[in-house]
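Please go through the briefing below with the model open beside it. It is arranged by topic and written for reading at the bench.

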Amino acid sequence: MPLLHKFFLYFLPLLIAQATPLKTNPFNPFPSDIGCENLQYPYEILAPVPYLKECLSTINGLVVFPGDPNYYNSIKVANCRNSYFPVVVIYVTTISDIQKSIHCANTLNITPTARSGGHSFEEYGNGGKNGVMVIDVQEFNQININFETKTAVIGTGNRLGEIYHKLNKVGYLISAGECINVGLGGHATGGGFGWTGRKYGLTSDNIVSAEMVTANGTFISPINLTHHSDLFFAIRGAGNAGYGIITSLTLKIYPVQPIVTTIKISYLPEQVELAFIIFAKVAKNLNENLSGNMNLQSKSNNTYTFSFNAIYLGIEEEARSAVKELIELSKPAYIKFEETTWLRIVDSQPSFVRQPFKITSYTIPPSGFSQEAIRVLVNFIDNLECESIALFDLYASDVISRISINSSAFIHRNIFGVMELEQQLKDYSKDDQIKCVKKHLQFRQEFQAKYTSYFSYQDYIDRDLSDWLTRYYGPHVPRLIEIKKKYDPNNLFNSKQSIPTKLP
Ligand SMILES: Cc1cc2nc3c(=O)[nH]c(=O)nc-3n(C[C@H](O)[C@H](O)[C@H](O)COP(=O)(O)OP(=O)(O)OC[C@H]3O[C@@H](n4cnc5c(N)ncnc54)[C@H](O)[C@@H]3O)c2cc1C
């Protein structure tokens, strides 16, 4: 191949992809709040750690302590229902910064925690408890594309929107979630389902290699099927559960279709039961170019209480034929198709506004829900004081189910989908929030016991979930514990829901 041709094919797109970082403010990815209380550092219970400043004095990146003007901005994460106060936030810029930070954490007995996009449902980006050392990887934001292998080495500090934008410039995408602000580090390592999930699988299914700094400060690269294959197994599904600080992931990339079609199909309250049953019936046979989710809302302020929002990777005519059977059988009250481009879909996603919320998750067996289950769920959503909504990520596809559950720590394979029951709490007083969450958790326990599978999705993490190790990781728990013992024997990276070094 002539050299110039090579330049245009391989190197020019790479240069374009690395130019113009989108980041404007390194401290506060959540510029606005709704319903969040002012943050107040609990000086009375959390004293500064002696020698911490000195220990971190040679860090190249920015180091923010309580009392610094940037401190409160540096701890703003997506959910403000609870707030946790780290003793330091370190914006690491190099592997050596991470190694020095971990050395200080070991020496001064502080729990370090990785933070990428700060979108953990339970604020685990800030440790999920007071007094941790946050190692923020947002400066690990490289995206290097290899067109020959159709992969990209992506820094875990990138947010999904940045990745979609940069890859789209050279005609590619990754298979990942729909919220553009979510960080790659937490998302890809716990699953990652979105607009192309039924066609290309979860983000964790697309990891071919990774790099990580472990609890003793060792930088391990590569982590893949042949090198550190045990860790490679663990980080694809449990990588955000305390194995170390993952600095980059090499992901498979896929060509962007020139035209994609958005589909919205909606139902009136009296159609919900039938619609659910039809979805379960046809889901597995839906063309895999189609990915999306359903949402069920309260009838109090919605004409259509149940909607399917999907994307078809192709033109409208094909999209129509993909959902023909679904439409004929379920007779929706509203149908809309619109041809657009991948980038327009990415750009139409709103930035997430920091707010208080509580979410629980449930995996649904291939048969879907019984009529009784649907009635119980509709009744709960219609009658709870706090606004609640159920979202269903439609997994049913051969691409997801034919991957062996033994190939990685991600076990949710042969299912209809994942339901997230979401309570948005921004309009309620703290007391009402507590009451609503209590009812939600009580409902969850009964609903999961009776109507769904036993399992839950770890990227929709829920600190109140009982038997969470099994519900997230199923039969892999003993293996994950063994791997944890090998790479973090002293349980340095620990949180309420990190993989432990022994069975609880
Ligand atoms: C508004 C919103 C929309 C969402 N949409 C989707 C969706 O469409 N599909 C989907 O599947 N999920 C979705 N999620 C869930 C999301 O995937 C998880 O919350 C994910 O863990 C967030 O990752 P993060 O890096 O942004 O969060 P963080 O809070 O930074 O991290 C989450 C967890 O991952 C760990 N972690 C972060 N970075 C690293 C790293 N570099 N190395 C090791 N561990 C790390 C943290 O310690 C923490 O435990 C959404 C969440 C929100 C809030």
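What follows covers the sheets, the helix packing, the ligand shell and some backbone details.

This is a predicted model. One open sheet has four strands with mixed pairing, and another has five strands with antiparallel pairing. Two helix pairs are described, α9 with α13 and α8 with α17. There is also a ligand with 35 residues around it.

**Four-stranded sheet**

- The strand order in this open sheet is β1-β2-β4-β3, and the pairing is mixed.
- β1 (62-64) and β3 (112-115) are the edge strands, each with pairing on one side only.
- On average, neighbouring strands here are turned by 20° against each other, with direction ignored.
- Inside the sheet, β2 (residues 88-91) pairs with β4 (residues 133-136) in the parallel sense, over four bridges.
- Within that pair, valine 88 is opposite methionine 133 of β4.
- Helix α4 (residues 95-108) lies across β2, β3 and β4, and its direction is at about 170° to that of β4.

**Five-stranded sheet**

- The second open sheet runs in the order β5-β6-β10-β8-β9, with antiparallel pairing.
- Its edge strands are β5 (143-146) and β9 (219-223), and each of them pairs on one side only.
- From one strand to the next, the twist averages 15°.
- β6 (residues 151-155) and β10 run antiparallel and are joined by five bridges.
- Valine 153 stands opposite threonine 250, a residue of β10.
- Helix α4 also packs on this sheet, where it touches β8 (207-213), β9 and β10; the directions of α4 and β8 make an angle of about 50°.

**Pairing of β13, β17 and β18**

- β17 (residues 388-394) pairs with β13 (residues 290-296) in the antiparallel sense, over four bridges.
- In this pairing, methionine 294 is placed opposite phenylalanine 392 of β17.
- β17 also pairs with β18 (residues 417-424), again antiparallel, over seven bridges.
- Alanine 390 has leucine 421 in β18 as its bridge partner.
- As background, strands of a sheet pair through backbone hydrogen bonds, in either the parallel or the antiparallel sense.

**Helix α9 against helix α13**

- The axes of α9 (residues 272-282) and α13 (residues 371-383) are 10 Å apart, and the helices pack at an angle of about 130°.
- The two helices are therefore oblique to each other.
- The crossing of α9 past α13 is right-handed.
- Val272, Glu273 and Phe276 on the α9 side meet Gln371, Ile374 and Val378 on the α13 side.
- By class, this contact has four nonpolar residues, one polar and one charged.

**Helix α8 against helix α17**

- α8 (residues 229-238) and α17 (residues 477-487) cross at roughly 115°, with axes that come within 10 Å.
- Here the crossing is left-handed.
- Asp230, Leu231, Ala234 and Ala238 of α8 meet Leu480, Ile483, Lys486 and Tyr487 of α17.
- The contact divides into six nonpolar residues, no polar ones and two charged ones.

**Ligand shell**

- Which of the 35 residues around the ligand come nearest? They are Gly117, Gly125, Gly177, Gly185 and Gly186.
- β3, α6 (184-188) and β10 (245-252) are the elements that give two or more residues to the shell.
- By class, the shell has 12 nonpolar, 20 polar and three charged residues.

**Backbone details**

- Most residues other than glycine have a negative phi, and most peptide bonds are trans.
- Serine 221 and proline 222 are joined by a cis peptide bond, with omega about -5°.
- Proline 222 belongs to strand β9, an edge strand of the five-stranded sheet.
- Histidine 228 is a residue other than glycine with a positive phi, near 50°.
- Histidine 228 sits in the loop between β9 and α8.

Note on methods: Residues numbered from 1 in each chain as written. Predicted model: local features only at pLDDT ≥ 70, side-chain atom pairs only at ≥ 80, totals over all residues. Axes fitted to C-alpha atoms, helices over the stretch in contact; angles between N-to-C directions. Parallel < 35°, antiparallel > 145°, perpendicular 65-115°, else oblique. Left-handed = near helix turned anticlockwise from the far one by under 90°. Contact = placed C-beta atoms within 7 Å. Nonpolar A, V, L, I, M, F, W, Y, C, P; charged D, E, K, R; others polar. Pairing = 2+ DSSP bridges. Near = placed C-beta within 6 Å.
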